[in-house]
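Please open the model in your viewer and keep the selection panel at hand. The tour below goes from one selection to the next and says what is to be found at each stop.

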Amino acid sequence: MPDVPKIPSTSPYKVLSDVFEKNKDSILEIEVLGSEVPLPEGQLILQDGLCVGIPKKVLAKAFVEARAIFMTRNHERVENEAILAATKVILLFDPEYLTASNYRKERFAVCAGRLGELTERRETVNSCRDTEMVDQELMLEMNFLDSILTSPLHRQTKSPTLWYHRFWIVSSTILPLHSTTLLGTGSRPDFHETKKRRDLQQMKDLLEREMAVVFKAAERHPHNYYAWQYLRRLLEVFTDEELPEYFATQKFNVSLKIRSELPIAVLSWCLANPSDASGWSFLTYFVYSRWLAPTPEKTDEIILHVMQFIMNVRWMGEAVWTFLKLAPRQSTERFRDAILEFGRAVQQFESSRHVEKAIAWMEKDHSDVQMSSAAL
Amino acid sequence: MKLLYIGILKNEEKPAVELCCERDLTSYSRFTRSSVGEFMTLFSKTVAERTKPGQRQDVEEQSYTFHAYARSEGIAGIIISDHEYPALVAHQLLSKVVDEFLSKYPRSAFATSNAELPFPQLKEYITKYQDPAQADSIMKIQKELDETKIVLHKTIESVLERGEKIDSLVAKSDGLSAQSKMFYTQAKKQNSCCVVM
């Protein structure tokens with residue numbers, strides 16, 4: 001088996017991996033620089049606090065070195081710091097490098113397996129050994145992921161491999177670790193109460209953090225299907241009563257938070273990025289979701305905000321009007337009529353094919369619904 | 001959708017002079033920010049110089065739109081936004097900003113001087129009007145804007161005189177660093193979505 005190659009201290013790989021190592025407790029903002037940005041003599045990268053600028057050529061060279069290190073790994077499940085460090089640089093350059101991302105999952109695999117078993121048996125998850133150490137490792141992993149997924153890196157923020165990696169980490173390890181399930185027998189009750197409260201708070205914090213990361217990534221890369229899809233899958237784990245993991249979450253309180261705060265946050269995002277079909281698509285999913293859907297009255301409120309936006313800025317874009325045509329099925333019956341009237345009124349003073357198509361769809365939908373209720 | 005720049009420029013003569021401006025570069029990354037800022041100033045001047053008194057125009061260039069409104073007093077208001085920001089709202093904001101500037105500074109304040117004229121409201125406006133719905137209050141007090149009067153240009157080059165080229169404007173400009181000039185050449189190569197580096 002080959003030895004890990006010796007890396008000189010001035011190599012691009014060394015410089016980059018040092019940046020990652022020194023800032024592992026924080027989230028970096030990484031940018032790839034074009035050749036027009038001059039670097040001071042002898043410097044390979046630019047750094048200003050947590051902002052890092054890496055010239056394209058330097059990143060490519062660092063990747064080649066990192067890959068050479070990665071190739072020296074053995075196939076036993078023995079953790080190797082040098083290999084792990086190399087995977088960070090590999091994934092920064094090529095986020096679709098699946099074997100590197102799987103290598104990073106390995107160190108959580110044992111714990112995840114055990115947590116999975118406990119969840120299936122509906123047992124307390126307090127018994128996972130060294131939870132604090134795992135917690136710490138998980139936090140560092142999330143920092144690394146955030147540094148790539150929220151940076152101004154056009155391709156990386158939409159990486160299906162990295163978003164899946166994130167989902168795996170959160171759903172198989174973080175969520176079960178902080179779940180509070182049936183309490184095991186023979187443990188001190190006050191310990192469990194404390195843990196329960198702490199876990200609940202951690203779940204709420206987790207949800208807020210994940211929403212913030214998705215919003216940021218969605219801004220960095222418009223129409224970011226993978227970011228929004230991640231959020232859909234995550235919410236399903238939080239709320240779908242039929243999934244085994246559901247049992248692991250403190251469902252009641254967390255679900256309430258999702259139902260009340262999430263739609264407002266998403267709506268605000270959509271109104272600030274009204275051309276982004278993926279954002280509106282997510283809001284539509286939310287309104288139709290079996291487990292998450294707000295009440296019809298709440299849906300009315302959401303649609304009303306959208307109508308006000310359209311009026312204020314005379315917005316005729318397709319994404320907004322697609323939402324407006326699909327959402328009424330989840331609103332109250334009397335509001336459905338109001339939406340159609342609104343659409344017709346807009347059509348009077350603004351000609352737009354998106355509006356026309358939306359009205360035609362709504363009218364057909366409206367008459368279909370009336371016909372089926374008449375048939376009942 | 002974003003507002004990136006609001007400025008008032010003196011445009012009776014070439015080169016135009018920035019009398020006041022405010023930028024919001026937070027959506028740009030740390031090491032490209034300064035170049036973007038420099039380009040905003042250069043292109044604002046270019047557009048202002050070619051907007052006649054009483055005229056309104058929108059000029060699209062790469063991922064930006066330059067909204068311009070010139071007055072007979074010898075100034076032009078310029079707003080730079082992304083393509084998503086509604087043009088009508090941008091022009092309503094321009095009317096407001098230009099009116100307020102001229103109330104504060106009559107022509108005598110800038111006719112014979114190129115000095116900067118502090119206009120702190122710009123800082124408040126560039127933050128507040130990131131949400132175009134805030135412009136609702138402006139729409140209530142101003143008279144109706146005739147949208148059809150706003151001329152739209154698809155590139156900056158279309159407002160230049162025959163024979164003038166953007167590339168030479170960029171190359172000759174004093175206000176651009178060498179880095180920015182190279183940045184411009186690089187930026188012209190459009191990156192398509194999700195292509196391998």
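A polar contact is a pair of N or O atoms within 3.5 Å, where, within protein, one atom must be able to donate a hydrogen and the other to accept it. In this predicted model, six residue pairs are in polar contact between chain B and chain A, counting pairs with both residues at pLDDT 80 or more.

With that in mind, select the side of chain B that touches chain A, to which helix H2 (87-104), helix H4 (136-141) and helix H6 (178-187) of chain B each supply at least two residues. Among the elements of chain B, H6(B) gives the most to this side, with four residues. Colouring this side of chain B by residue class should show 15 nonpolar, five polar and six charged residues.

Next, show both partners together: the contact takes in 26 residues of chain B and 35 residues of chain A, and the area buried between the two chains is about 2,200 Å², with carbon and sulfur atoms giving 60% of that area.

Then pick out Arg30(B) and Asp48(A), whose side chains meet in a salt bridge with an N to O distance of 2.5 Å; across the interface of chain B and chain A, the rule finds one salt bridge.

Finally, select residues 7-129 of chain B, where UniProt, in an unreviewed entry, places the feature "domain: Longin". Over this stretch of chain B, 35% of the chain is helix and 26% is strand, while the C-alpha atoms at the two ends are 14 Å apart.

Methods
Residues are numbered from 1 along each chain as its sequence is written. Chains are lettered from A and ligands numbered from 1 in the order in which they are written. This is a predicted model: local features need pLDDT of at least 70, side-chain atom pairs count only at pLDDT 80 or more; totals for chains, interfaces and linings use all residues. Side-chain values use heavy atoms; hydrogens and water are left out. Contact means heavy atoms within 4.5 Å. Buried area is the accessible area (1.4 Å probe) that two parts lose on being put together, summed over both. A salt bridge is a side-chain nitrogen of Lys or Arg within 4 Å of a carboxyl oxygen of Asp or Glu. A polar contact is a pair of N or O atoms within 3.5 Å; within protein, one must be able to donate a hydrogen and the other to accept it, and residues adjacent in sequence count only if both atoms are side-chain atoms. Ala, Val, Leu, Ile, Met, Phe, Trp, Tyr, Cys and Pro count as nonpolar, Asp, Glu, Lys and Arg as charged, and the others, Gly among them, as polar. UniProt positions are given in the numbering used here, feature names are shortened, and annotations may be inferred rather than shown by experiment.
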